[in-house]
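Good morning. Today I will talk about pockets. Please look at the structure on the screen.

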Amino acid sequence: MFNLILFGPPGAGKGTQAIKIAEKNNWVHVSTGDILRMEVKQETTLGLKVKAVMEAGHLVSDELLIEIMESVFRKHSSAGGFVLDGFPRTLNQAKALDKMLETLRQKVSLVLSLDVNETELVNRLLKRAQEQGRKDDTEDVVRNRLVQYHQHTRPLIDYYKGQKLFKEAFGEGSVDDIFLTLCNVIEGKE
Ligand code: B4P
């Protein structure tokens, strides 16, 4: 089983690329952002709990995220691989993921990070705000999401570098060119 973590700041294109990678390899794409947005849309108990947190650009609690991911792994117990998009985002989540995979006798295979400069990130998300009206894509909230990324998520780079699992790819340019680069890294050609 190949367990890929697609890593990077908000707007780096994790979701965009994760869909393509999962489709090509027949792996399960898990976007915690999509799962949470669906809960909000359906106004479930969980959705009502996380709505304000997400709209402010904060991170949802580790406890809830770990519960969500445990149920994802239970649901897809016979999957050939996973593309994790947006999880883990904190050190606690990363450690919990290691434990979840350990019980399945699995490990993280690769952490692949998309490198995109901050001006481009903000521009992409503001463009998406115009096109899709996502409540967390306004300029103030985007800036807060970047702060959250630097405070809580970026430190994971050292965690995974320590395990020799971390690789980085340039995330600017056309979606197809970036996809090709990512496929080459996953297949060990770059
Ligand atoms: P996410 O849904 O994960 O949001 P994201 O970081 O903005 O997405 P991504 O990097 O995937 O960008 P995308 O491909 O869409 O999280 C949203 C919120 O959910 C978080 O703020 C948090 O509150 C909560 N959450 C989720 N997971 C959590 C966790 N584990 N712990 C705690 N809280 C959690 O691309 C962005 C835009 O760029 C798109 O419009 C796209 O079309 C465009 N784009 C992509 N590639 C491009 C390219 N090459 N050139 C130009 N534009 C491009």
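How much space lies in the largest pocket? This is a predicted model, and the answer is about 1,100 Å³.

Why roll a probe at all? Rolling a probe the size of a water molecule over the atoms shows where empty space is left.

Now the walls. The largest pocket is lined by 50 residues, and those closest to its centre are Gly11, Lys14, Arg128, Arg134 and Arg145. Several elements give two or more residues to this lining, including strand 1 (2-7), strand 2 (28-31), helix 1 (14-25) and helix 2 (32-41). Further along the chain, helix 6 (118-132), helix 7 (139-153) and helix 9 (175-186) do so too. Helix 6 gives the largest share, seven residues. Sorted by class, the lining holds 17 nonpolar, 20 polar and 13 charged residues.

Next, the second largest pocket. It contains about 320 Å³ of space. There are 14 lining residues here, and the closest to the centre are Arg37, Val40, Glu55, Arg134 and Lys135. You have heard one of those names before: Arg134 is also among the residues closest to the centre of the largest pocket.

Which elements supply at least two residues of this second lining? They are helix 2 and helix 3 (45-55). The largest share, five residues, comes from helix 2, which also gives two or more residues to the lining of the largest pocket.

By class, the second lining has eight charged, four nonpolar and two polar residues.

That is the end of my part.

How values were computed
Residues numbered from 1 in each chain as written. Predicted model: local features only at pLDDT ≥ 70, side-chain atom pairs only at ≥ 80, totals over all residues. Heavy atoms only, no water. 1 Å grid on protein atoms, 1.4 Å probe; cavity = no way out; pocket = protein on both sides within 12 Å on 5 of 7 lines; lining within 4 Å. Points joined across faces, edges and corners; volume = space filled by probe spheres on them. Helix = DSSP H or I, 4+ residues; strand = E, 2+ residues; numbered from the N terminus. Nonpolar A, V, L, I, M, F, W, Y, C, P; charged D, E, K, R; others polar.
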